[in-house]
Amino acid sequence: MITLSMRRRPMSLLQRREARAGLLFVLPWLISLLLFTVYPIIATVFFSFTDYNIIEAPRWIGLENYQTMLTADPDFWKSVGNSAYYALISVPLGLFFALALALLLNIQARGIGIYRTIFYLPTLVPPVASTLIFMLMFNPNSGGLMNTLLGLMGIQPQPWLSDANQARSVLIILSLWSLGAATLIFLAGLKDVPSTLLEAASIDGAGAWRRFWHVTLPLLSPVLLFNLVMGVISSFQVFTQAMVIGGTTGDPQGSTLMFMVMIYRSAFRYFSMGYASALSVILFLAVLLVTLLIFWSARVWVFYEGGRA
């Protein structure tokens, strides 16, 4: 009879060698994890409670950075509002257009692989280059492509990059430039939808919209959840596009001052590493909270083969 008090048999020489070999293979990954992930996280949390400017040793100040952030820094709330506005609009728009493109690219047509490649190519363009291209397109002067097209339709030129509201709109439109990755993920999910279910729904008299709403979309909900989470995380971390368009001041009128730009400005323009670390902690907590809320809501609208999430 086997009892809980029985001792384990000692490892053989071969087992010990295999264990050491496995640890040696994993050791580089463990070292990189500790050096480049765990240590920076711990250091960031520590520096968030200090006054640190790189040159001098960090000085412990407790919650002063957080108090300044919440009560004495108007740019903090401006960056929070800009980032929230960007996330609330760009993420749903991105999901909608990515899913629409995936549905179009899922049809069986001659040369469809070429179209799939074309729609993915924009994601390979460096963010700085794509932002500069959009800045030329939305140039508020008469030479900009968008204003030229508006002029052909008899519409007055718009101050795209010099007006606060329109500059944020340009940022949101720019976020739709790199939908290729999300589109391919949706396309892979569409390939996993059983054709037998669609055929059965069609035989029962369901039209294209009812087949999509009652069959395709529920089976695609896990993929939608993944793209939603990744889109939210990316939207809170938008930096390059806002930095190229508005700089560290978030021109025009602070409308492009995103939270990541705020962190960069505090750290590398004012050399206030302690304050930048506190901002980074707040960003991490905000993203974590939103992600947890999304996963909590997934129990209602995400469906798996075995039932709901």
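What follows is a walk through this structure, from its first helix to the contacts that tie its far ends together. Keep in mind that the model is predicted, so local features are given where pLDDT is at least 70, side-chain atom pairs count only at pLDDT 80 or more, and totals for chains, interfaces and linings use all residues. Residues are numbered from 1 along each chain as its sequence is written, and side-chain values use heavy atoms, with hydrogens and water left out.

Let's start with helix α1, which covers residues 13–47; helices here are DSSP runs of H or I with at least four residues, strands are runs of E with at least two, and both are numbered from the N terminus. I31 sits in this helix. With a relative accessibility of 41%, I31 is partly exposed, a label for anything between buried (under 20% relative accessible area) and exposed (over 50%), using a 1.4 Å probe and protein chains only. I31 also belongs to a nonpolar surface patch of about 980 Å², along with L24, F25, V26, L27, W29, L30, L35 and F36. Patch members need over 30% relative accessible area and no salt bridge, with nonpolar side chains (Val, Leu, Ile, Met, Phe, Trp, Tyr) joined within 5 Å and like charges within 9 Å. The areas themselves come from the Shrake-Rupley method with a 1.4 Å probe, and for residues only the protein chains shown count as cover.

F47 is also in α1. Setting aside residues up to four places away in sequence, F47 touches Y52, P58, N65, G274 and S277, where contact means heavy atoms within 4.5 Å. Now look across to A208: the C-alpha atoms of F47 and A208 are 56 Å apart, with their positions 161 residues apart along the chain.

Next comes the stretch with β1 (50–51) and β2 (59–60), whose connecting loop holds I54. I54 has a phi near 80°, a positive value in a residue other than glycine, and I54 is partly exposed at 43% relative accessible area. Here you also find a salt bridge between the side chains of D51 and R59, at 3.1 Å from N to O; the rule asks for a side-chain nitrogen of Lys or Arg within 4 Å of a carboxyl oxygen of Asp or Glu. D51 is partly exposed, at 37% relative accessibility.

That rule gives two salt bridges. The other pairing to look at is D75 with R265, whose closest N and O atoms are 2.9 Å apart. This pair links distant parts of the chain, 190 residues apart, with D75 in helix α3 (residues 74–105) and R265 in helix α12 (residues 259–268). How covered are the two partners? D75 is partly exposed at 23%, whereas R265 is buried at 7%.

R265 has company in α12, where seven of the ten residues are buried: F259, V261, M262, I263, R265, S266 and A267. Those buried residues pack against α3, α11 (240–246) and α13 (273–301).

The loop leading from α11 to α12 is worth a pause. P252 is in that loop, and the peptide bond from D251 to P252 is cis, with omega near 0°. Q253, in the loop too, has a positive phi near 55° despite not being glycine, and Q253 is exposed at 65% relative accessible area.

On the other side of α12, F271 is in the loop between α12 and α13, partly exposed at 42%. F271 takes us back to the β1–β2 loop: leaving aside neighbours within four places in sequence, F271 is in contact with Y52, N53, I54 and S266. F271 and N53 are 218 residues apart in sequence, yet 5.2 Å apart in space, C-alpha to C-alpha.

Two more spots fall in the middle of the chain. Helices α4 (residues 112–120) and α8 (residues 180–191) have axes that come within 8 Å and cross at roughly 145°; axes are lines fitted to C-alpha atoms over the stretch in contact, with angles from 0 to 180 degrees between N-to-C directions. R116, F119 and Y120 of α4 meet G180, A181, L184, L187 and K191 of α8.

Finally, M137 is in helix α5 (residues 127–137) and partly exposed at 24%. Beyond its neighbours within four places, M137 contacts G144, L145 and M146, while M137 and T148, eleven residues apart in sequence, have C-alpha atoms 9.3 Å apart.
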